[in-house]
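The exercises below ask you to read a sheet, its packing helices and some backbone details from a structure. Try each task on the coordinates before turning to its solution.

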Amino acid sequence: MSCSEGRQQKVAGFLLALCAITAVAHSEAEVENSAESFLNSPKLRKVRPHNHGASLHQRHNHVGGKGKTGVAGLHKYHSAEQIFSLIEGLKKDCKMPMSTQWVKDSQSDDSLFVVQIGQPEANKKMLIASNEHARELLGGEVSLRFLQSACESPGGSAFLESASTDSKTDAKTVLQNVQYTIVPIVNVKGRQLVESQDEPCQRTTVEQEGDVDLNRNMEVDWGKGSEQRWGEKPFSTYQARILRDLAAKDKYSGFIDLHTGARSLMTSWGFKPMTDPDFGDQKKVLDIIKKKHCPDCEIGSNRVVIGYENPGEVIDHMYAVAGIKYTSLWEIYDGHTSDCIKNFNAADDEYEESVNNWSNALLTFGQYIHTSVGANERSNPGELNGGLVEQSSELQPRGTAAAAIASQQHTVLEDGEHGLLTT
Ligand SMILES: [Zn+2]
């Protein structure tokens, strides 16, 4: 019996007994625990999950004015509130121009925490999204580390120290020429259910937000194939609308969507079993990322590499509609287990290496945008249902869910007995 089955059965008590990691110890404090007062998002304060285990301790345990890290039984990980608080705290001493804001949805009072770092006048821009899937805590941690490293003096030296010796990336030069817009946690309330271990396998938005898979809620190929939690219609969620509107507001050269549960660097399409017409150019930068940061990562079409259908996924909108040519979905960790927390999140002893490696990878990508991509280079998706390039059949499905899904017909595509959905 896996956690995913428990998730499907929606039996909370059963789930907790089966899946919860009960040990909640605390690591060295690194967070100013002013989380209660810093947030200017009324929504976030209002819809806090019930206090259970780790989260209760974090909120009320003060040691010398410092808060404790540790959520979901993982000592190194931060709560959503801590991540926002730490990022807010970076602003005053950040060596690069940096700003934060809660960006409001056009149709509701909901908002997402959005950070910009790098020269606002830079003629190239990157957009990063992480933690669309609630249980993929690691993505939010990578975004946090990227911002921490980028802010450190002088000129993002933290990146230089850990970058490979053969081709060091100059963070300062990159950030002076490429401005990053980052949404560290897209699915905040979902993540909080995982942090508290109330729902360690939570993937979608919380029930009051429609129980929607945020990587299925955009318009390209929306609603096609086996039924999924794609929402009532494209952009039925505020998270999808805000991401769409952010992308439309500026001209971005690159978009990275951070996920966990597999190891791969993927491009459109999510539903059609083929790569997009810009794959040749997209692959050039992904080859560099693979070489420097993920030698075991497979590169290719999301649909083909991951082995199941991803209709309405975010990268397809960013690529085909928002016009962002260098759009990619990265699967950055695979725990090879049916335990949701462990499958989607690097263990504490792997945490530093993982967050440093992937925050460096975001910088490597930006450097490529700076040196090798024209400011006016846009995607060339062609007709969305024609003129597409067939992907090599050599690629085999990857990821924990892929093998199981490839071997059987599902009427509803969900986490299965032998695998968990990742993209
Ligand atoms: Zn995911």
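**Exercise 1. Determine the strand order of the open sheet, its edges and its twist.**

Solution. The open sheet has eight strands in the order β3-β4-β6-β5-β7-β11-β8-β10, and the pairing is mixed; here two strands pair if DSSP finds at least two bridges between them, while strands (E, at least two residues) and helices (H or I, at least four) are DSSP runs numbered from the N terminus. The edges are β3 (98-104) and β10 (298-301), each of which pairs on one side only. From one strand to the next the twist averages 20°, where angles run from 0 to 180 degrees between N-to-C directions and axes are lines fitted to C-alpha atoms, for helices over the stretch in contact.

Before going on, note that this is a predicted model, in which local features need pLDDT of at least 70 and side-chain atom pairs count only at pLDDT 80 or more, whereas totals for chains, interfaces and linings use all residues. Residues are numbered from 1 along each chain as its sequence is written.

**Exercise 2. Describe how β8 and β11 are joined.**

Solution. Strand β8 (residues 262-267) and strand β11 (residues 326-333) run antiparallel and are joined by five bridges. As a check on the register, find A262, which stands opposite Y333 in β11.

**Exercise 3. Place helix α7 against the sheet and against α6.**

Solution. Helix α7 (residues 137-151) packs on the sheet, where it touches β3, β4 (111-117), β5 (124-130), β6 (178-183), β7 (254-259) and β11; a contact requires C-beta atoms, placed from the backbone, within 7 Å. The direction of α7 makes about 140° with that of β5.

Turning to the helix pair, the axes of α6 (residues 80-90) and α7 come within 10 Å and cross at roughly 15°. This makes α6 roughly parallel to α7, because angles under 35 degrees count as roughly parallel, over 145 as roughly antiparallel, 65 to 115 as roughly perpendicular and the rest as oblique. The crossing of α6 and α7 is left-handed, that is, the near helix is turned anticlockwise from the far one by less than a right angle. At the interface, I83, L86, I87 and L90 of α6 meet G140, L144, L147, Q148 and C151 of α7.

**Exercise 4. Test the length of α11 and find what covers its buried residues.**

Solution. The expected span is 1.5 Å times one less than the number of residues, so the twelve residues of α11 (residues 238-249) should span 16 Å, which agrees with end C-alpha atoms 16 Å apart. Buried residues of α11 include Y238, Q239, A240, R241, I242, L243, R244 and A247, and their cover includes β3, β4, β5, β6 and α14 (314-320). A residue is buried if 20 or more other C-beta atoms lie within 10 Å of its own, exposed if 12 or fewer, and partly exposed in between.

**Exercise 5. Locate N131 and D211, and decide whether each is buried or exposed.**

Solution. N131, in the loop between β5 and α7, has a positive phi of about 60° although it is not a glycine. With 29 other C-beta atoms within 10 Å, N131 is buried. D211, in the loop between α10 (188-195) and α11, is likewise not a glycine and has a positive phi of about 55°; with 14 other C-beta atoms within 10 Å, D211 is partly exposed.

**Exercise 6. Characterise the peptide bond from S268 to W269.**

Solution. This bond is cis, with omega near 10°, and W269 lies in the loop between β8 and β9 (274-275).

How values were computed
Two residues are in contact if their C-beta atoms, placed from the backbone, lie within 7 Å.
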